[in-house]
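Let's take a walk through this fold together, with the model open beside you. We will begin with aromatic rings and then turn to how helices pack.

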Amino acid sequence: MAGGARRLYRRILQLHRALPPALRDLGDSYVKEEFRRHRAAGPAEAQRFLREWEATLIQQQINEDKQNLREKAVYGIQLTEEKLNDFRDEQIGQLKELMDEATKPSKKITISKDSEYKT
């Protein structure tokens, strides 16, 4: 399982290379944080976490393929109400912060290191 998680993690970061620099920094930081937070998750939660990221990875690959076929890039996916209902309050808060950060008008995105997760 750990090897599969590492491969998934690396593949997501590879796909982020196609993003504009500010979005890449934001996406890389988010992915690193999420994988770090779930490092000690139980087997059931870890399976669900990896399954959801695998679905995200597939969606990113589809978007990348579509992007290669047209000029305008499309980033992200629409979350269904059903998926949002499965999120914990903490996750909803993280999504809100991510959305706020990603939609700030014409501001340079800065990523700060959170000392709480340093080893």
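Rings of Phe, Tyr and Trp, the last by its six-membered ring, count as a pair if their centres lie within 6.5 Å. With that cut-off, a search of the whole structure, which is a predicted model, turns up 5 aromatic pairs. Take Y30 and W53 as an example: their ring centres are 6.3 Å apart and their planes stand at 45°, so this pair is tilted. Y30 belongs to helix α2 (residues 21-37) and W53 to helix α3 (residues 43-69), so the pair ties together parts that are 23 residues apart in sequence.

How exposed are the two partners? Y30 has 23% relative accessibility and therefore counts as partly exposed. W53, with a relative accessible area of 11%, is buried. These two residues also belong to a wider group, since ring pairs link Y9, Y30, F35, F49 and W53 into a cluster.

Now step back to see the chain as a whole. It holds 5 helices and 0 strands, and from the N terminus on its elements run α-α-α-α-α. Of the 119 residues in the chain, 19% are buried. If you look at contacts between residues at least 6 apart in sequence, 59% of them join residues at least 24 apart.

Helix α2 deserves a second visit, this time for its packing. Two packed helices are described by the angle between their axes and the distance between the axes. Here, the axes of α2 and helix α5 (residues 89-102) come within 12 Å and cross at roughly 165°. Because an angle over 145 degrees counts as roughly antiparallel, α2 is roughly antiparallel to α5. The crossing of α2 past α5 is right-handed.

Which residues make this contact? From α2 come L26, Y30, E34 and R37, and from α5 come E90, Q94, L95, L98, E101 and A102. You will recognise Y30, which also forms the tilted ring pair with W53. Sorted by type, the residues of the contact of α2 with α5 are 5 nonpolar, 1 polar and 4 charged.

One more residue of helix α2 is worth finding on your screen: D28. Is D28 buried or exposed? Its relative accessible area is 12%, so D28 is buried. Leaving aside neighbours within four places in sequence, D28 is in contact with L13 and H16.

Note on methods: Residues numbered from 1 in each chain as written. Predicted model: local features only at pLDDT ≥ 70, side-chain atom pairs only at ≥ 80, totals over all residues. Heavy atoms only, no water. Phe/Tyr/Trp six-rings, centres within 6.5 Å; stacked < 30°, edge-to-face > 60°. Helix = DSSP H or I, 4+ residues; strand = E, 2+ residues; numbered from the N terminus. Buried < 20%, exposed > 50% of the residue type's maximum accessible area, 1.4 Å probe, protein only. Axes fitted to C-alpha atoms, helices over the stretch in contact; angles between N-to-C directions. Parallel < 35°, antiparallel > 145°, perpendicular 65-115°, else oblique. Left-handed = near helix turned anticlockwise from the far one by under 90°. Contact = heavy atoms within 4.5 Å. Nonpolar A, V, L, I, M, F, W, Y, C, P; charged D, E, K, R; others polar.
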